[in-house]
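Visitor: I would like to go through this model step by step, beginning with what the record says and then turning to what the coordinates show. Could you guide me?

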Amino acid sequence: LVAIIVSLLLPPATPLIGMLMFGNLLKECTVTDRLSQTAQNELINIVTILLGISVGASAKAEQFLEFETIQIIVLGVVAFGVGTASGLIIAKLMNKISKKAINPLIGAAGVSAVPMASRVVQSVGQKENPSNFLLMHAMGPNVSGVIGSAVAAGVMLSLFGG
């Protein structure tokens, strides 16, 4: 349903969101365990290595080590920090408004760094209270962040892609 809605609203985001939903389908479908395990482990490692090699082989130091590149990296770090802090603040605000308590760490997982942000939330939560198990609760906003990033990428592609 998400893939269809996003594809109708933002056609340039269809490949991004389609692959995300295909991965979810493989994982949730009970008859494709081998494909799901391969996609999660061996295939993702192979693709990551090949992408890293191809980008690294095509990058030239003169083009990469420019002020604009450093600005992009700094903007990414700032965006990550603002997203994490915003999630914490919104969760604390929700705790003031709602009757049911929400762990503010869950808000920190709203960035699209899957699954690392959720793992960080899990480890920080368990350091505070060893009986905390926040990983599955943190994956909800984490995946929402991925979907939001894919939609934002589709908007950017449609605006600036020509």
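Guide: Gladly, and please keep in mind throughout that this is a predicted model. As a starting point, the unreviewed UniProt entry lists, under "transmembrane region", residues 6–26, 38–57, 69–90, 102–121 and 141–160.

Visitor: What share of residues 6–26, one of the spans in that UniProt list, is helix in the model?

Guide: The record supplies the boundaries of this span, whereas the helix content is computed from the model. Strand accounts for 0% of residues 6–26, and the end C-alpha atoms of the span lie 20 Å apart. The helix share over residues 6–26 is 81%.

Visitor: And how far apart are the end C-alpha atoms of residues 102–121?

Guide: This span, too, comes from the UniProt list. Over residues 102–121 the chain is 55% helix and 0% strand. The distance between the end C-alpha atoms of residues 102–121 is 13 Å.

Visitor: How many helices does the chain have?

Guide: Read from the N terminus, the elements run α-α-α-α-α-α-α-α, and the C-alpha trace that carries them spans about 50 × 45 × 35 Å along its principal axes. There are zero strands, and the number of helices is eight.

Visitor: What percentage of the chain's residues is buried?

Guide: The accessible surface of the chain comes to about 11,700 Å², and carbon and sulfur atoms contribute 72% of that surface. A residue has to fall under 20% relative accessible area to count as buried. Of the 162 residues in the chain, the buried share is 18%.

Visitor: Which span would be expected for helix H8, at 1.5 Å a residue?

Guide: Helix H8 covers residues 135–160, which gives it 26 residues. The expected span is 1.5 Å times one less than the number of residues, and the end C-alpha atoms of H8 in the model are 36 Å apart, which agrees with the expected value of 38 Å.

Visitor: Which helices are included in the cover over the buried residues of H8?

Guide: The buried residues of H8 are Ala 138, Asn 142, Gly 145, Val 146, Ala 150 and Gly 154. In an α-helix there are 3.6 residues a turn, so residues three or four places apart point the same way. The cover over the buried residues of H8 includes helix H2 (14–28), helix H6 (104–108) and helix H7 (116–128).

Visitor: Is Ile 147 buried or partly exposed?

Guide: Ile 147 lies in helix H8 and, leaving out residues up to four places away in sequence, touches Val 2, Ile 17, Leu 20 and Met 21. Its relative accessible area is 21%, and the cut-off for a buried residue is under 20%. Ile 147 is therefore partly exposed.

Visitor: Which residues does Leu 20 contact, leaving aside neighbours within four places in sequence?

Guide: Leu 20 has its place in helix H2 and is partly exposed, with a relative accessible area of 23%. Its C-alpha is 22 Å from that of Val 55, which is 35 residues away in sequence. The contacts of Leu 20 beyond its sequence neighbours are Val 146 and Ile 147.

Visitor: Finally, which residues of helix H5 are buried?

Guide: Helix H5 runs over residues 67–97 and reaches 44 Å from its first C-alpha to its last, close to the 45 Å expected for its 31 residues. The cover over its buried residues includes helix H4 (61–64) and H6. The buried residues of H5 are Thr 69, Gly 87 and Ala 91.

Conventions. Residues are numbered from 1 along each chain as its sequence is written. This is a predicted model: local features need pLDDT of at least 70, side-chain atom pairs count only at pLDDT 80 or more; totals for chains, interfaces and linings use all residues. Side-chain values use heavy atoms; hydrogens and water are left out. Helices (H or I, at least four residues) and strands (E, at least two) are DSSP runs, numbered from the N terminus. Buried means under 20% relative accessible area, exposed over 50%, partly exposed in between (1.4 Å probe, protein chains only). Accessible areas come from the Shrake-Rupley method with a 1.4 Å probe; for residues, only the protein chains shown count as cover. Contact means heavy atoms within 4.5 Å. UniProt positions are given in the numbering used here, feature names are shortened, and annotations may be inferred rather than shown by experiment.
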